[in-house]
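Good morning, and thank you for making room on the agenda. I should like to take you through one structure, moving from the whole to selected parts.

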Amino acid sequence: MATITINGTEFQVDAKSTIIEAARANGIHIPHFCWHPKLSVSGNCRMCLVEVEQMPKLLIACATQVADGMVVKTKSERVIQAQKAVMEFLLINHPLDCPICDEAGECKLQEYAYQYSVGYSRFEEDKVHKPKRVPLGPNVMLDVERCIMCSRCIRFSEEIAKQPVLTFTQRGTHVVLTTFPGSELDNPYSMNVIELCPVGALTSRDFRFKARVWEMAATESVCNGCARGCNMNIWTRNNEILRLTPRQNEEVNSSWMCDYGRLETFKHVNASERLSGPSVRVDRELRSIGWEETVSELASELRGFRKNEIAGIGSAYATNEDNFVFQRFIKEVLGSKHLDLLPHVIEQVEDDLLIKADRTPNSLGARNVGIEPSSGGLSASGIRNAINDGSIRALYVLEDDIAADPEWHSVLQKLRLLVVHSAVQNATTALAHVVLPASTYAEKHGTITNFQGRVQRLQPAVATSETDRRMDGLAASRWDKFSSKNDRWGRPVKFDARPSWRILVSVAAALGTRMKYNTAEDVFGEIANVVPVYRGMSFARIGSKGVLSKSSPVPVKT
Amino acid sequence: MDILIASTKIAVVLAAMLTSVVFLVLVERRMSAFIQNRIGPNRVGPYGLLQSVADVVKLLMKEDIVPAKANKPLHDLAPIISIAVAMTTFAVIPFGNAIELFGTTIKLQIADVNIGILYILAITSLGVYGLTLAGWSSNNKYSLLGGLRSSAQMISYELSMGLAIIGVILMAGTLRLDVIVEKQTEYLLGWLPAWNIFLQPVAFITFFIAAFAETNRLPFDLPEAEPELVGGFHTEYTGLKFGLFFLAEYMNMITASAIVVTLFLGGWHLPYADMLGLSGFALSILQVLTFCGKIVLVLLFFIAIRWTLPRFRYDQLMSLGWKVMLPLTLANALVTALILLAF
Amino acid sequence: MGRDNGKMIRTKDLTFWQKLYLPEVFKGLSLTLSQMFKPKFTYMYPEERFQPPSSFRGRPILVEENGVERCVACGLCSRVCPALAIEVQASETELEKERYPVRFEINMVRCIFCGFCEEVCPEEAIIMSKEYELVFSSQEEAIFGKERLLTPAEQVRERLEFLRNSR
Ligand code: SF4
Ligand code: SF4
Ligand code: SF4
Ligand code: SF4
């Protein structure tokens, strides 16, 4: 421990820390571009200059270790002058066209220009022009003119993503960021440089020019791309998800997210192949009918089977709540012992940073809440064989495209009744007799349990036809708040889908069993009562960062 | 024969009233516009003459909306009361002297009642029922407030009105309106017509002010003060029923002017007209025209006042009525009586 | 009238004649009546139209220059608009200004002609025109897209100059 004085106040700080870290730990902001807590110190932007007593020159706070008795000033006249000078230098060649730039609104340079700059330019000469719209890789676009040479992207690629492909070439004002010849920024984590970049030099090729940051509303949620469950924000505008960005959680994903998670886990939410409204197969064709008719028809169909003719397939994609109600439904309401789920594992993709081989977000959670055969019941492969030999004639599938597996696809046609909960049209819904449109993870409340056993919360970011953004407390931008039916932007696309647990509750009711759940929180309350590893948990306790449960990670078998 | 004459008179007077309302509305709109440096409605017909006709047609075509919680029968009855009162008041007003037609002398007055003034006071005070019922039956707080205001206002000013007339009655010594007019055809000092405006100036002023209040005209249009009460008692009226209120209001204006003319401005009397040596028939016609002309002048005055004085506050209205007008008229009646006694 | 310790104090006493009220009424009457003979301000509308000066704020339009809009779809007008009348959807072009509005809509029923959009625009791309005749027969018709908003710069020269001079 060391005692230092910052701006006249004494602080006890870690003796090994740098000034910028010590200040940050005590809530004092020292402006900086190139420094990042997760990256090595490079000290090239000079924005973090501070005055240290007894030192003849200003020091960079990011690379100066604290010493006992050090007296630091971050707002003295000299420091302010230095900050102004640094900003002026940075802006000499930086294009002053924020209206065109995609970063505007969340740009560090823009913010600092308001806070630490003089507010006008003395530079009358021509600016240096450099290449614009340079693709660095499949997902990242570079605008060299806007780059302020902080080297964060270079350090990230080297140190975190372990793919050292970026570098600077040329000197002075002509410095250009580029990839080494013949290489591309195509590592699985490449898009993290977009948030790291303090300016609009690096942008997402997917999201570029789609929306201004202030037009969107952000919802705290968890990525459903793999068993890690990276914390993230879902950014929506007009009820449409436009991008996902990582949310810091040191226990799970640090500050990062993989490109797969960012790009591939939300497109289906607004996709044209989304199912809207339930449908029932009549004469080989799926016909849309109302919820009530579907549920009562389904109930009467289900009554026509003996208990051991029915089986259920839970889902490692669905929430704990959905799976919990599902196992009660199969075991208690239908009285079947045959219940299991299908694992989705791709061993090759796993790495040491974030990506897990288990491609489902909730396999541990599904097991914990009881998705497994009762004693004497059949497991997944057993169910498949039993369907094949005709002893199981009805199958109820929760949010999983089991027909994508060719082995399953061939046997499913033998079923007399195939019921599927699904958000989108897929191979399974093509074979199903009853299709119930399920809300996606971005449309409902719920919890999922990652591979560590950490229970994390999902929150709705997209409204379905039965929810209302304002009334149901979804995050709302100014546009969402004040829209009316006469505005084109006030008529978002909404799908008629419901959370699986609610669909199951209504089917159970049609079969004569009342499950007293009104909200996902009610279901979780019961889970916390009856599932030992979740004892004592609640939505409030889980909060935005999740809670570690005592469940031991189960080995996922292929 | 009498019945025939009476019904002809009624028909002629009613027709004349209705047409004059139509033009009065237009005149009011054009004059208001001119006072405000505008032009006013000038598109329908030459000089906009048919504007009111178009408005009437519009009102007739409009849907009749009755609020869900309103008292339907009373809601329907209120405008009828208003219009009936407005129409009947005119009955006792002599709009000319007698006329010789086909050998019979016809009095130019619908009903020759010997208590004409009392009749007027009685009938006009019935008008308040129309407005109060309209306000109450609409089941709307603005309407109700408007209705209540109108009843309070009418009652307060009726008093001053009645007391102001006492002076006139004392002078004439009768309640017959035709006699009152007759008396005014004399000349004072040999040249000044003995109109009551000269003999009873205080009564004239107070009566005139009260007439403004009784007809709900600005500056006393509190029952329908738009900025405070939306539309007052007629907030919840549409189409034909609204039209009836509108018609009643303007008819009341005409009637009030006629009363003012009769009581104070010499009625049909055109000074020195009898010296022109006209035939009896022509003179009668001239007198009727004189009467109409006087009414028009009073009406124009009504309109001009509308754009001159701002609306009173309700407490000001009440204190003017009770603290100024009432004592003034009382004193006037007393002084008149004393003077008459003395001479 | 002034206020002192919560008590109203009449600072101007009325004269006897003013208190009598009637002379004042006649004074007022003569004023109103004299107005009747003053020149009128009415425009005989469809035949005779108001030609607004360049300071007039009619409906906002988008300036078109060399066949393309000046607008770069920065979204500032949309953000500043107090009535939320403007919706901008940006996209990328091959032109030098790489950003442009694929869709730019102003809901003229929402617009209150405040001119904030014009004031905030960094490109002088949205400006207030002289047009004040706005009639719609449906809500949908009141939403003006790019096709109705784009106006060649030559046609709005006056306003552009006015803006330059009043900066
Ligand atoms: S990087 Fe920042 S400062 Fe530079 S143009 Fe973009 S928004 Fe403006
Ligand atoms: S591209 Fe961005 S992160 Fe990379 S060096 Fe330039 S400014 Fe820094
Ligand atoms: S402020 Fe100007 S440049 Fe920006 S979107 Fe609006 S019109 Fe286009
Ligand atoms: S003039 Fe005002 S209200 Fe109209 S679009 Fe512009 S900013 Fe919005």
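I shall begin with overall figures, then turn to ligand shells, strands, one helix and one histidine. Please keep in mind throughout that this is a predicted model.

Let me start with chain A as a whole. DSSP assignment gives chain A 16 helices and 23 strands. Its C-alpha trace spans about 90 × 50 × 50 Å along the principal axes. Chain A has 558 residues, and 56% of them count as buried. The exposed area of chain A is about 23900 Å², with carbon and sulfur atoms supplying 50% of it. As for the contacts in chain A between residues at least 6 apart in sequence, 65% join residues at least 24 apart.

How do the chains meet? Two pairs of chains are in contact, and of these, chains A and C share the most contacts. Chain A and chain B, by contrast, are joined by no contact, and their closest C-alpha atoms lie 27 Å apart.

I turn now to the ligands. Which residues come nearest to ligand 2? Of the 14 residues around it, these are Cys147(A), Cys150(A), Ser151(A), Cys153(A) and Cys197(A). By class, this shell comprises 12 nonpolar residues, one polar and one charged. Cys147(A) has a relative accessibility of 12%, and therefore counts as buried, the cut-off being under 20%. Another cysteine of chain A, Cys101(A), is at 9% relative accessibility and so is buried as well.

The shell of ligand 4 is drawn from chain C, and its cysteines are Cys81(C), Cys111(C), Cys114(C) and Cys117(C). Around ligand 4 one also finds Pro82(C), Ile86(C), Ile112(C), Phe113(C), Gly115(C), Phe116(C) and Met128(C). The division here is 10 nonpolar residues, one polar and no charged. On the subject of cysteines, a search of the whole structure over all chains returns zero disulfides.

Next, the strands of chain A. An open sheet of three strands runs in the order β6-β7-β10, with antiparallel pairing. Why do β6 and β10 of chain A each have one side without a neighbour in the sheet? Strand β6, residues 134-135, and strand β10, residues 202-204, stand at the edges, each with a single partner strand, so one side of each is left open in that sense. Two bridges hold the antiparallel pairing of β6(A) with β7(A), the latter covering residues 140-142. Within that pairing, Pro135(A) has Met141(A) as its bridge partner.

A second antiparallel pair follows in chain A: β8, residues 166-169, is joined to β9, residues 176-179, by four bridges. Here Phe168(A) faces Leu177(A) of β9(A). Six residues lie between the strands of this hairpin, and Gln170(A) takes a positive phi near 65°.

Strand β18 of chain A deserves a closer look. It covers residues 394-398, and five of its five residues are buried. In general, side chains in a regular strand alternate between the two faces of the sheet. In β18(A), Ala394(A), Tyr396(A) and Leu398(A) lie on one side, Leu395(A) and Val397(A) on the other, and all are buried, leaving both faces covered.

What partners does β18(A) have? Strand β16, residues 310-313 of chain A, runs parallel to β18(A) and is joined to it by four bridges. Strand β19, residues 417-422 of chain A, is also parallel to β18(A), here over five bridges. Val397(A) takes part in both pairings: it is the bridge partner of Ile313(A), and it stands opposite Val420(A) in β19(A).

From there we come to helix α14 of chain A, residues 500-510. Its buried residues are Ser500(A), Trp501(A), Ile503(A), Leu504(A), Val505(A), Val507(A) and Ala508(A). They pack against α7, α8, β18, β19, β20 and α15 of chain A. After α14(A) comes Gly512(A), with a positive phi near 100°.

I close with His75(B), which is placed in helix α3, residues 72-89 of chain B. Is His75(B) buried or exposed? Its relative accessible area is 0%, so His75(B) is buried. Setting aside neighbours within four places in sequence, His75(B) is in contact with Ile65(B), Val66(B), Pro67(B), Ala70(B), Ser137(B), Ser138(B), Glu236(B), Tyr237(B) and Lys241(B). Gln153(B), 78 residues away along the chain, has its C-alpha atom 21 Å from that of His75(B).

Thank you for your attention.

How values were computed. Residues are numbered from 1 along each chain as its sequence is written. Chains are lettered from A and ligands numbered from 1 in the order in which they are written. This is a predicted model: local features need pLDDT of at least 70, side-chain atom pairs count only at pLDDT 80 or more; totals for chains, interfaces and linings use all residues. Side-chain values use heavy atoms; hydrogens and water are left out. A residue is near a molecule or strand if one of its heavy atoms lies within 4 Å of it. Ala, Val, Leu, Ile, Met, Phe, Trp, Tyr, Cys and Pro count as nonpolar, Asp, Glu, Lys and Arg as charged, and the others, Gly among them, as polar. Two strands pair if DSSP finds at least two bridges between them. Buried means under 20% relative accessible area, exposed over 50%, partly exposed in between (1.4 Å probe, protein chains only). Contact means heavy atoms within 4.5 Å. Accessible areas come from the Shrake-Rupley method with a 1.4 Å probe; for residues, only the protein chains shown count as cover. A disulfide is a pair of cysteine sulfur atoms within 2.5 Å.
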